[in-house]
Amino acid sequence: MLDKIREECGVFGIYTKTNTNVSMSAYAALYALQHRGQESCGIAVNNSGIINYKRGMGLVNEVFKKEHLEQLNGGKIAIGHVRYSASGTAHHHNTLPLVVKHVKGPMALSYNGNLINAPELREDYENKGAIFHTMSGAEVLAYAVTEQRLVCNSIEESLEKAMYKIKGAYSLAIMSPKKLIAARDPNGIRPLCLGELPDGAGYVVASESCALNAVGASFTRDILPGEIVVISDEGINSITTHCGNKSALCVFEYIYFARPDSIIEGVSVHEARIRAGEFLADEHPVDADVVIGVPESGLDAALGYAQRSGIPYGIGLIKNRYVGRTFIQLSQETRESSVKIKLSAMKSVISGKRVVVIDDSIVRGTTMRLIIKILREAGAKEIHIRLSSPPFKNTCFFGADINSKGALIANQKTHEEIRQEIGADTLGYLSIESVGKIARSANCEFCTGCFSGKYPIEVPDELPQDKFDLKLNS
């Protein structure tokens, strides 16, 4: 696990009424969703019932070239995916969308989340003779759908029946020869929204509204927890059999995962982060000279802290925007050099000042300790760390990269021990009570299990670490 909690994928789907350049639309949307997954990506296009696809390891612009998009042209429907993976599953075989062929025709599937009963389902299918080609939970989900396809009249009915069997968090984009289908788990743990193309030309679904903007679509609404949305030549149909459960959107979407310009469940992510900073200022005030944020995720909360506290806001840390996933990862012994290449301090802002540093979280503490060292070397007089989330103490079972309590510094050390280890003068976390209020007007409730240990559905004691390493394989 890295020193930042990682989201585990973004999904996109587009349905047009006439054959258009849907591959380019998917490409643009995946660019907008790149922050949700930087390990691999893929696009599948339906051209008159024939599904062509391109997938690969790397960023969107690394995997797709002009000729690839031209080869995928000609269809009316496309789905796309960006992905992170669990440890040990970073392999091209696990890239999505997953494309399968069965007796009722081909199907392509992208999903974001984690099926907590995937190991049991996979073992059951294997005992019945199924052969799996990947370590991806998406393949388990595909088996669950195609199993029902033999007795159901439509693919959406098959998905409706399969949802009684699968447990966990999932936002889906499924493409059949004639339909685009989107669905969320009954608790709505992962986001998914619906948009419309200009002049009624078609519809799109995406993990975040920022992807709608990238393709010129207007936001229509969030897909309901448990809802199945079916888009075809007949228009849009909604199946609500699984709706009605208490919602539980992952609150970390507002804190870190989502892009600031996205709107989720009726709330601006940017404004939610501003409020997190305001609550931090109320809960953990301090005498200081300047408030700075750790780029990029700490900037909005830092602005909120500064506005509420009256302490001036400053740009104290500069991020090297050209250091991406292809940057050579240095050894543990030289991690300090890696951080210094990625971040540098503005001495004119920091030197001789009492500095409040805002970030979204501390996972292991390694990076924060090095950031503090950089600020000390730049002449900071005092350093007061404020986090816009509560301490991470528990495993996430629903698609975020927290798969072991032992790797979480807040699970192993006291508040004071953490402060001493990272070298801060003071340390303050946002309370669990306040984190539930940062999106106060949202059309949902929240999962805070990684902070509180209380989950919206029954979960196992720990995530499986055996031969079915299926966490985060969306």
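This note sets out points on the sheets, one buried strand, a surface patch and two cysteines of a predicted model.

1. The antiparallel sheet. Seven strands make up an open sheet whose order is 3-2-4-1-10-9-11, with antiparallel pairing. At its edges stand strand 3 (50-57) and strand 11 (218-222); each has a single partner strand, so one side of each has no neighbour in the sheet. From one strand to the next, the twist averages 15°.

2. A pairing within that sheet. Strand 1 (residues 10-16) is joined to strand 10 (residues 202-206) by 5 bridges in the antiparallel sense. For orientation in the model, Phe12 has Ala206 of strand 10 as its bridge partner.

3. The parallel sheet. A further open sheet holds 4 strands in the order 17-20-21-22, and here the pairing is parallel. Strand 17 (290-293) and strand 22 (426-429) occupy the edges, each with a single partner strand, so that one side of each is left without a neighbour in the sheet. Neighbouring strands are turned by 20° against each other on average, with direction ignored. In general, the strands of a sheet pair through backbone hydrogen bonds, in either a parallel or an antiparallel manner.

4. A pairing within the parallel sheet. Strand 17 and strand 20 (residues 354-359) run parallel and are joined by 4 bridges. Val290 has its bridge partner in strand 20, namely Val355.

5. Burial of strand 8. Strand 8 (residues 180-184) is mostly covered, as 5 of its 5 residues are buried. The cover extends to both faces of the strand: Leu180, Ala182 and Arg184 are buried on one side, and Ile181 and Ala183 are buried on the other. The reader may wish to note that Arg184 is among these buried residues.

6. The partners of strand 8. Strand 7 (residues 168-175) runs antiparallel to strand 8, and 5 bridges join the two. These two strands form a hairpin, with 4 residues between them. Within this pairing, Ser171 has Arg184 as its bridge partner in strand 8. Strand 8 also pairs with strand 12 (residues 228-232), in the antiparallel sense and over 4 bridges. In that pairing, Ile181 stands opposite Val230 of strand 12.

7. A nonpolar surface patch. Tyr313, Ile315, Ile318 and Met346 form a nonpolar patch on the surface, and together they have about 310 Å² of accessible area. Ile315 is located in the loop between helix 10 (299-309) and strand 18 (317-319). Its relative accessible area is 41%, so Ile315 counts as partly exposed.

8. Cysteines. The model has 0 disulfides under the rule applied. Cys210 is in no disulfide, and the nearest cysteine sulfur, that of Cys193, is 8.4 Å away. The cut-off for a disulfide is a pair of cysteine sulfur atoms within 2.5 Å. Cys210 counts as buried because its relative accessibility is 1%. Cys243 is likewise in no disulfide; for this residue the nearest cysteine sulfur is that of Cys444, 14 Å away. With a relative accessible area of 24%, Cys243 is partly exposed.

How values were computed
Residues are numbered from 1 along each chain as its sequence is written. This is a predicted model: local features need pLDDT of at least 70, side-chain atom pairs count only at pLDDT 80 or more; totals for chains, interfaces and linings use all residues. Side-chain values use heavy atoms; hydrogens and water are left out. Buried means under 20% relative accessible area, exposed over 50%, partly exposed in between (1.4 Å probe, protein chains only). Patches are made of residues with over 30% relative accessible area and no salt bridge: like charges are joined within 9 Å, nonpolar side chains (Val, Leu, Ile, Met, Phe, Trp, Tyr) within 5 Å. Accessible areas come from the Shrake-Rupley method with a 1.4 Å probe; for residues, only the protein chains shown count as cover. A salt bridge is a side-chain nitrogen of Lys or Arg within 4 Å of a carboxyl oxygen of Asp or Glu. Two strands pair if DSSP finds at least two bridges between them. Axes are lines fitted to C-alpha atoms, for helices over the stretch in contact, and angles run from 0 to 180 degrees between N-to-C directions.
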